Amino acid sequence: MSFLAPALDFAKAEEEVCDKWAKEDTFKTQNKLSEERGDEEYTFYDGPPFATGLPHYGHILAGTIKDVVTRYAAMTGKYVERRAGWDCHGLPVEYEIDQMLNITHRDQVLEMGIDKYNETCRGIVTRYTKEWESTVTRLGRWIDFENDYKTMDPTFMESVWWVFKQLFDKGLVYQGYKVMPFSTACGTPLSNFEAGLNYKDVRDPAVVVHFPLVDEPDVSFLAWTTTPWTLPSNIALCVHEKLEYVKFLDKKSGNKYIMSKTRMCQLYPKMGTKKWKPKMAEELFEILATFPGKDLVGKKYQPIFDYFTKDENAKEYFRVLSDNYVTDDAGTGIVHQAPAFGEDDYRVCLAHGVIQKGGDLPCPVDGNGMFTEQVPEVKGIHVKKADETLIGLLKENKRLVQKDNLDHSYPFCWRSDTPLIYKAVPSWFIKVEEIKDRLVENNKKTYWVPNAVKEGRFHNWLVDARDWAVSRNRFWGTPIPIWANEDMSEVICIGSIEELAELSGVTVEDLHREVVDKVEIPSKKTPGTVLRRVDEVFDCWFESGSMPYAQKHYPFENKEKFEKGFPANFIAEGLDQTRGWFYTLMVLATALFDKPAFQNLIVNGLVQAADGKKMSKRLKNYPDPVLVINKYGADALRMYLINSPVVRAESLKFKEEGVLGVVKEVFLPWYNAFRFMMQNVERFESTGRKFVPDLAKVCATTNPTDIWISAATQKLIKFVHEEMQAYRLYTVMPELVRFIVQLTNWYVRLNRDRLKGAEGDDADAETGLQVLYDVLLNMTTVMAPFTPFITEFFYQHLRKMQPSYSEAANGGGSSNPVKPGKSDSVHFLGLPSYDPSRLNQDAVEAMETLQTIVELGRNVREKRLINLKTPVKNVVVVLRNPSENVIKAVTGPLKSYILSELNAWDLTIIPKEEEHEWVTLSLTPDFKLLGKKFGKKMKAVAAAIKSMSHAEAVAALEKGSIEIEGGTVDALAEVVSKLSFSREGEQWESSSTHEGDFVVAVDCTQDEAILAAGRARELINAIQQLRKNAGLDLKDKVEAFFEENETDPLIEAAVSTNVEVFKNKFKGSVPLPKRFAPSWSVVIGTETVEISGSKVTVTICRPAIAVKDGLSEEAETFLSTTFPSSVSEGQELSFVVDGKNMTVKEGSDFWLSTASKLGSTGAVTWLA
């Protein structure tokens, strides 16, 4: 045990634990033991990450949350399958391949061949799985990588087909033409929730364009847009029927325009400032007419460009429409309509017959966001880069009225990080709107941490849910299992490989496009023709939403097991998944089973760089997670993360010093308490006794601090269970820190000498060690899910003392039943349940009182600059309405602890009847509460309450009310009471609690006896420091000597008046003046220190024989080489020197120590 280092290298210790787990297959063994016991299954879904990149703090955070919760479940009687999964399909992979192969258009993929393209995709999806496994394992997360699943596995893809088939058969699938967020970089539409994942602040051009009326060519409509690139596709304008519009003359240009009256500030910005005055309008414009928007509906205007004037449906184009989505909070109150590029535009134009459902739209933009030959001036140019050219054309055509820039938030592609556009595309949809009422109801059945995300952001998203476009015009993904003829009059949805084989005669083993696209199904409606698969693949979000079923290949395998464990007990991911995975899980589970997919959910926030900015590899504005783990350990990183606001969906500014703080505040004190206990168990056993943990001894202790720390431990266990059952991880760390402070700063410090056996009562020392062992074992076990490494380290030492440790041999450590000692890992154990009988509230209250007295007493010392080494005569305590239990404790068993901590000679608790002699009770009204009650009388009420005497205030509190100014004041709820010490002066100094219910006063009189006791204490500290520096153990005996200025022997005087203090501290030994030290004493350590302004040299030596003055030189030489431990009291020693026989006797010729000699001979009177 003595091999425990003073300072543990936590990271290195963790690596050793990792090696142990790997060697002994500890994770698998935990699951095996759970299965053998028949533990109830706890279902956990792990959202599959992409393995195309390395794990970052976001992954580490989510992984830590998942690991803590599942470890807790496993240690509370649950079987938890923790299976790793990988998201393999979709844009993240294809985008990387497109970058790698310089692919900019889907035609290049078709030329290359889908088979080759997909094979390239397949080659990178597991690129970093080994790095993931290494980092995740080093983090302490237990998850099964050997039995992982991949979304590209045929079994997974077949279940995805089954899910879609169920929705298809329920009538929840349709094909539609819809304006959707579109990634031009990836050439595919995105769902609305994907579009919401990545908003950025951008600057876009904003232009006002005029549209001359056909029947009034000198009058023009004004429309404002931030997407000039959509103007070539304009085919209508839209107004609000009830808004007020004006026709006016612009005096500067002489042109006549029509726009919303309340939006004229768009053209004349001065109107929106405080300096604007109505009379200024005369210089700028003249209003010619005013009319409601409905009067404009149907009016024809001249198109800006003639690209679509000859369309088949052009006769319906270029007219004014109306809709309530038009507002007057921006722009001109007239909105230009390009139905191929705006969701509202499409809806409004369809409703007014400008376009036809299923008909062609003016859409001069291809799938990569490039203009087609339909707009020759910008052909081949990306829409976002074409703005300036088009604005130039508008200027040439004299249609540009105003050009400006607008800073606003705009959606970007979450994968390629390029601006999205809105574009009409044919897609396959799930009818989410049809089931959104059920989504809202099923959301009510779930429990979220924090609840605000469930009730707010997620609820609102469900209420406004739109049909979900699940198809993507891509290649690497699960193909949509729809086979149809060319005109879509015959459509079949396939739900399994077997069904496909039955209908086509072809059995496939892979379900990717390069395989299934070749499969044809004979038509039943038109014999001789075939059905072919539609072109699209599934959005990868559909796959991740299908994960609960597909990871188990449901319903083709594991049917009963899946249904028994559905919905999942627990999931966890980041806040961004509110519109992602959480949403898709809820939609599919509701559509399939009318249930939520999960019961409990923890939502984590975003981990940011220390400056609050997004973590960036390019900027290198955050420390490498691997380096942080290697420096401080994974446990410290885990605790730092789960103790932060990020576990309740808020942001965390990651600071490396925060991880260091966990090491300093939690792990070092925890380790020091553990090491102290182990050292003293070793000391205890060095006396020939065996330390055997015994709970009966712990429960039988009568020591008040033992009872208190045991109660605090049970309270911690109870708290951890309550908070974990409520999934509030973030509350556990603060409570753990508080407990460690109580354990190390109070329990261990108060009992240090007792636990060391320095107080001479070995039985009591053993009781204290039993209690400390019990506390540390409980703490180690209950914290195992949070800090799996350090708890394993502690457990491997603690277990060896258990009687059951011998049962671990020959595989016993990995078998049931599990128990401390026998079991090979702390993680095999069950978390302890709290013992209600040990939740001793009286002991807790008494200890809280002790701590308050000590803390206030120290505060008093600081006020008067009295060093803690200098004793004080008396500590006086006034408590407001203390319980009888508290009084008994602090005047009884806890009194010695208080005196020791404050280095005081006496403690006085003032009885209630004498309070008035020491303190004054004052009352202050709560103005916020009483102001409403008394109104104008409040000033008089306040004055009356504040002027009450001590006796009147005491009486008022005892009565509980005060009758005043015709009203009644609740003395307990509507006034604040405070005790103030009334004996301030040179002799007394006081301090009180913030609440004013607790006053501690100290007698600060400093006489010679007090000063001498202070010097004695400083000498004790100097000797102890020398022992520590020399690496001495408690059982190592030494002799101490001091040397001071002979003309003013303050230290000798201090020792002489405090002999018993030294004897109690050093087991009967007393430091002596250096002049008495034998010349042959072997010095172990020496140091000069300052005590009361004097230089004092303190020396510790090995015990040495002291001889009688005048003893022969031969005898002295012989005795100088004799060890005191080899001689007993009163023993005679005979020896021969130079042929002369000599005999000396202990107690007359020599003594076993210098102190014995001086006491026996009377050379030092104060030792006699």
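No disulfides are present in this predicted model, a disulfide being a pair of cysteine sulfur atoms within 2.5 Å. Cys349 is unpaired, and the nearest cysteine sulfur, that of Cys238, lies 8.1 Å away. Cys349 is buried, at a relative accessible area of 0%. Cys1004 is also buried, at 8% relative accessibility. Here buried means under 20% relative accessible area, exposed over 50%, and partly exposed in between (1.4 Å probe, protein chains only).

The model is predicted, with local features requiring pLDDT of at least 70, side-chain atom pairs counted only at pLDDT 80 or more, and totals for chains, interfaces and linings using all residues. Residues are numbered from 1 along each chain as its sequence is written, and side-chain values use heavy atoms, with hydrogens and water left out.

Salt bridges number 66. The criterion is a side-chain nitrogen of Lys or Arg within 4 Å of a carboxyl oxygen of Asp or Glu. Arg864 pairs with Glu989, with 2.9 Å between the closest N and O atoms. Arg864 belongs to helix α30 (residues 841-864) and Glu989 to strand β35 (residues 988-992), so this salt bridge ties together parts 125 residues apart in sequence. Helices (H or I, at least four residues) and strands (E, at least two) are DSSP runs, numbered from the N terminus. Arg864 is partly exposed, at 26%. Glu989 is buried, at 15%.

A salt bridge also joins the side chains of Arg880 and Glu915, at 3.6 Å from N to O. Both residues sit in loops. Arg880 lies between β29 (875-879) and α31 (884-891), while Glu915 lies between β30 (907-909) and β31 (919-925). The pair thus links distant parts of the chain, 35 residues apart. Arg880 is buried at 14% relative accessibility. Glu915 is buried at 4%.

The salt bridge between Glu1090 and Lys1095 has its closest N and O atoms 3.8 Å apart. Glu1090 is exposed, at 51% relative accessibility. Lys1095 is exposed as well, at 60%. Elsewhere, salt bridges link Asp46, Lys66, Arg141 and Glu573 into a network.

Arg1015 is part of helix α36 (residues 1008-1029). This arginine is buried, with 9% relative accessibility. Its C-alpha atom is separated by 6.8 Å from that of Ser1092, 77 residues away along the chain. Contacts, defined as heavy atoms within 4.5 Å, connect Arg1015 to Glu1008, Leu1050, Ile1051, Ala1054, Ile1091 and Ser1092, leaving aside residues up to four places away in sequence.

His240 occupies the loop between β9 (236-239) and β10 (244-250). The residue is buried, at 14% relative accessibility. Its side chain makes a polar contact with the side chain of Asn324, at 3.4 Å. A polar contact is a pair of N or O atoms within 3.5 Å; within protein, one must be able to donate a hydrogen and the other to accept it, and residues adjacent in sequence count only if both atoms are side-chain atoms. Besides Asn324, His240 touches Tyr245, Gly293, Asp323 and Val326, with residues up to four places away in sequence not counted.

Four strands form an open sheet in the order β6-β5-β16-β18, with antiparallel pairing. Two strands pair if DSSP finds at least two bridges between them. The edges are β6 (188-189) and β18 (468-469). Each has a single partner strand, so one side of each is left without a neighbour in the sheet. Strand β5 (residues 173-183) runs antiparallel to β16 (residues 421-430), and ten bridges join the two. Met180 stands opposite Lys423 of β16.

Two helices were compared with their expected spans. The expected span is 1.5 Å times one less than the number of residues. Helix α28 (residues 762-782) has 21 residues and reaches 30 Å from its first C-alpha to its last, close to the expected 30 Å. Of those 21 residues, 18 are buried, so α28 is largely enclosed by the rest of the structure. Helix α25 (residues 704-725) has 22 residues, and its end C-alpha atoms are 32 Å apart, in agreement with the expected 32 Å. In α25, 17 of the 22 residues are buried, so this helix too is largely enclosed by the rest of the structure. Tyr727, just after α25, takes a positive phi of about 60°.
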